Amino acid sequence: MYSDPIADYLTRIRNAQAARHKVVEIPASNLKKEITKILHEKGYILNYKFDDNEVQGVIKIALKYHPKTKKPAISELQRVSKPGLRKYSGGDSIPRVLNGLGISVISTSKGLMTDKEARKDNVGGEIICYVY
């Protein structure tokens, strides 16, 4: 049993990319599904599939690599808000990731969204992770 399922999710993706796997399977939850949708929308992963045949379900993620250099599309996945220390930010003070080249995933009252969407809607929330 792990105490931080989001950190486990990010670590599984990070480890699969380091081992050059094409697909990684992760135990599903609604929060992980939303993060997966955001990563696919922003082009960090190739594809995904939600497999709800089992009790908990599984998320299958097809990882994305550069065709010539074989480098992963995600160079860094960083967990920001942890169970022991939550990080919140207001709508006017959401931090930029790599001057706007990366994204941060934020849990707001309107659901999960990227930092750019949260800034546009002027809503704050818990900063889940940085992706670049």
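Just after helix H2 comes Gly 43, a residue whose phi angle is positive, near 85 degrees. The structure in which this glycine sits is a predicted model, and the protein chain is made up of three helices and eight strands. The points below look at the chain as a whole, then at helix H2, then at a pair of aromatic rings, and lastly at one residue of helix H3.

**The chain as a whole**

- Followed along the sequence, the helices and strands of the protein chain come in the order α-β-α-β-β-β-β-β-β-α-β.
- The protein chain has a radius of gyration of 15 Å, which agrees with the value near 14 Å that a compact globule of 132 residues would have.
- Measured out along its principal axes, the C-alpha trace of the protein chain spans about 40 × 40 × 25 Å.
- Of the 132 residues in the protein chain, 42% count as buried, while the accessible surface amounts to about 7,700 Å², with 50% of that area belonging to carbon and sulfur atoms.
- Among the contacts in the protein chain with a separation of 6 or more, 60% are made by residues that stand 24 or more positions apart in the sequence.

**Helix H2**

- Helix H2 covers residues 30-41, twelve residues in all, and its span of 17 Å from first C-alpha to last is close to the 16 Å expected at 1.5 Å a residue.
- The buried residues of H2 are Lys 32, Lys 33, Ile 35, Thr 36, Ile 38 and Leu 39.
- An α-helix has 3.6 residues a turn, so residues three or four places apart point the same way.

**The aromatic pair and its lysine**

- When the whole structure is searched, one aromatic pair is found, and this pair is formed by Tyr 48 and Phe 50, which are tilted with 40 degrees between their planes and 5.0 Å from centre to centre.
- Tyr 48 counts as partly exposed because its relative accessibility is 26%, and Phe 50 is likewise partly exposed, at 25%.
- Lys 33, one of the buried residues of H2, lies over the face of Phe 50, at 5.4 Å from the ring centre.

**Asp 115 in helix H3**

- Asp 115 belongs to helix H3, which covers residues 115-121.
- Because its relative accessible area is 2%, which is under the 20% cut-off, Asp 115 counts as buried.
- Apart from neighbours within four places in sequence, the residues in contact with Asp 115 are Ile 94, Pro 95, Arg 96, Val 97, Gly 102, Ile 103, Ser 104 and Ile 106.

Notes:
Residues are numbered from 1 along each chain as its sequence is written. This is a predicted model: local features need pLDDT of at least 70, side-chain atom pairs count only at pLDDT 80 or more; totals for chains, interfaces and linings use all residues. Side-chain values use heavy atoms; hydrogens and water are left out. Helices (H or I, at least four residues) and strands (E, at least two) are DSSP runs, numbered from the N terminus. The expected span of a helix is 1.5 Å times one less than its number of residues. Buried means under 20% relative accessible area, exposed over 50%, partly exposed in between (1.4 Å probe, protein chains only). Rings of Phe, Tyr and Trp (its six-membered ring) pair if their centres lie within 6.5 Å; planes under 30 degrees apart count as stacked, over 60 as edge-to-face and the rest as tilted. A charge sits over a ring if NZ of Lys or CZ of Arg is within 6 Å of the ring centre and within 35 degrees of the ring normal. The radius of gyration is taken over C-alpha atoms; the globule rule is 2.2 Å times the number of residues to the power 0.38. Contact means heavy atoms within 4.5 Å. Accessible areas come from the Shrake-Rupley method with a 1.4 Å probe; for residues, only the protein chains shown count as cover.
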